[in-house]
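Here's a quick tour to follow with the 3D view open. Take it one topic at a time and find each residue as you go.

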Amino acid sequence: MQGLKRLVPATFVVLWATGFIGARYAMPWAEPFTFLSLRFVFAGLLLAALVLALRGRRLSGAEAFHAAVAGVLMHGVYLGGVFWAIHRGLPAGLSALIVGLQPLITAVIAGKLLGEKILPRHWAGLAVGFAGVVIVLSPKLGALGSGVTAATLAASVISVIGMSLGTVWQKRFASGGNLMAATFWQYVGGLATVLAGSLLFETRQVTVNGELIFALVWLVLVLSFGAIFLLMLMIREGAMAKVASLFYLVPAVTALMAWPLFGEKLSLVQIAGMAIATLGVGLATAQPVTFARASR
């Protein structure tokens, strides 16, 4: 069991990185809030069926409320902001760089609200990890087009703050109950947010084709189930700064996936950046070494 737990962080990073690949397939065929509404509807229905079939413990009203608030922040604000900004032309590289601030923001919030002690070694790891992310994404930052506006930049910043607040909220108020039921209520909160955006700002037109169906199925099953459950498990078991630092590895893993899928080349500088980001995560997640005193 302990060996399987050690695989959770790496598995989470790989699964989370595939979300950006799925978004790239889906965005040409549906507006962002409309697509996310479809994703959350299907994910919520599947989760509701599983909760009923497994007859797990239902959440209290307060637990469901806190899970829904976490969902508004983690799914509605975060994903809604990222998808909207990219759909409006913000380069994915710049968006990923802004999202890369999430571990640092989460560490600050966790220190203030959860009372977690962030050691100098962990701060150094967070800083080194962010430097690695900048290096990995640097080749893409040169292509800054008209999509870089105050609105798209603000949406990206709001999204990363939403993710940071959502993970801390989940840790403080909603990490003790049934994970499956809590995730269902998260999607209820996320759906309410993006559905409002779809109804207010979009035409809700969808072009159904193979790429859209593939992206929807993949994001529902792999991201909304696999990756989110692993994230909830890590939030329950670990310190927030350490969990958040794993997001530094996502741009590197996404770049590796985009290489064979979309023909995006990797430079030696980017590979060096991946190594630096990995080093930063190692520093941020390192456990203090203790030595037992020899008995006399």
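Let's check helix 2 against a ruler: with 23 residues at 1.5 Å a residue, it should span 33 Å, and its end C-alpha atoms are indeed 33 Å apart, so the two agree. Keep in mind that this is a predicted model.

**Helix 2 up close**
- Plenty of residues in helix 2 are buried, including Pro32, Phe33, Phe35, Leu36, Arg39 and Phe40.
- Further along helix 2, Ala43, Gly44, Leu47 and Val51 are among the buried residues too.
- Just after helix 2 comes Arg55, with a positive phi of about 55°.
- That's worth a second look, because most residues other than glycine have a negative phi.

**The nonpolar cores**
- The largest nonpolar core has 65 residues, and Phe12, Trp16, Phe35, Phe83 and Leu231 make the most contacts inside it.
- Which helix gives this core its largest share? That's helix 9 (residues 210-237), with 16 residues.
- Apart from that core there's another one, of 6 residues, with Leu59, Ala64, Ala67 and Ala181 among them.
- Zoom in on Phe83: if you skip its neighbours within four places in sequence, it touches Ala23, Met27, Pro32, Phe35 and Leu36.

**Helix 8**
- Helix 8 (residues 179-201) also gets the ruler treatment: its 23 residues reach 33 Å from first C-alpha to last, close to the 33 Å expected at 1.5 Å a residue.
- At its N-terminal end, Asn178 acts as a cap, with a side-chain oxygen 2.9 Å from the backbone nitrogen of Met180.
- The buried residues of helix 8 include Leu179, Ala181, Tyr187 and Val194, plus the glycines Gly189, Gly190 and Gly197.
- What covers those buried residues? The cover includes helix 2 (32-54), helix 3 (61-87), helix 7 (150-173) and helix 9.

**From helix 8 into helix 9**
- Arg204 sits in the loop between helix 8 and helix 9.
- Arg204 has a positive phi of about 65°, even though it isn't a glycine.
- Its relative accessibility is 40%, so Arg204 counts as partly exposed.
- Next stop is Gly210, which lies in helix 9.
- Is Gly210 buried or exposed? It counts as exposed, because its relative accessibility is 53% and the cut-off for exposed is over 50%.
- Gly210 and Ala26 are 184 residues apart along the chain, but their C-alpha atoms are separated by 9.8 Å.

Conventions
Residues numbered from 1 in each chain as written. Predicted model: local features only at pLDDT ≥ 70, side-chain atom pairs only at ≥ 80, totals over all residues. Heavy atoms only, no water. Core = buried A, V, L, I, M, F, W, Y, C linked by side-chain atoms within 4.5 Å. Buried < 20%, exposed > 50% of the residue type's maximum accessible area, 1.4 Å probe, protein only. Helix = DSSP H or I, 4+ residues; strand = E, 2+ residues; numbered from the N terminus. Contact = heavy atoms within 4.5 Å. Expected span 1.5 Å × (residues − 1). Polar contact = N/O pair within 3.5 Å; in protein donor to acceptor, adjacent residues only side chain to side chain.
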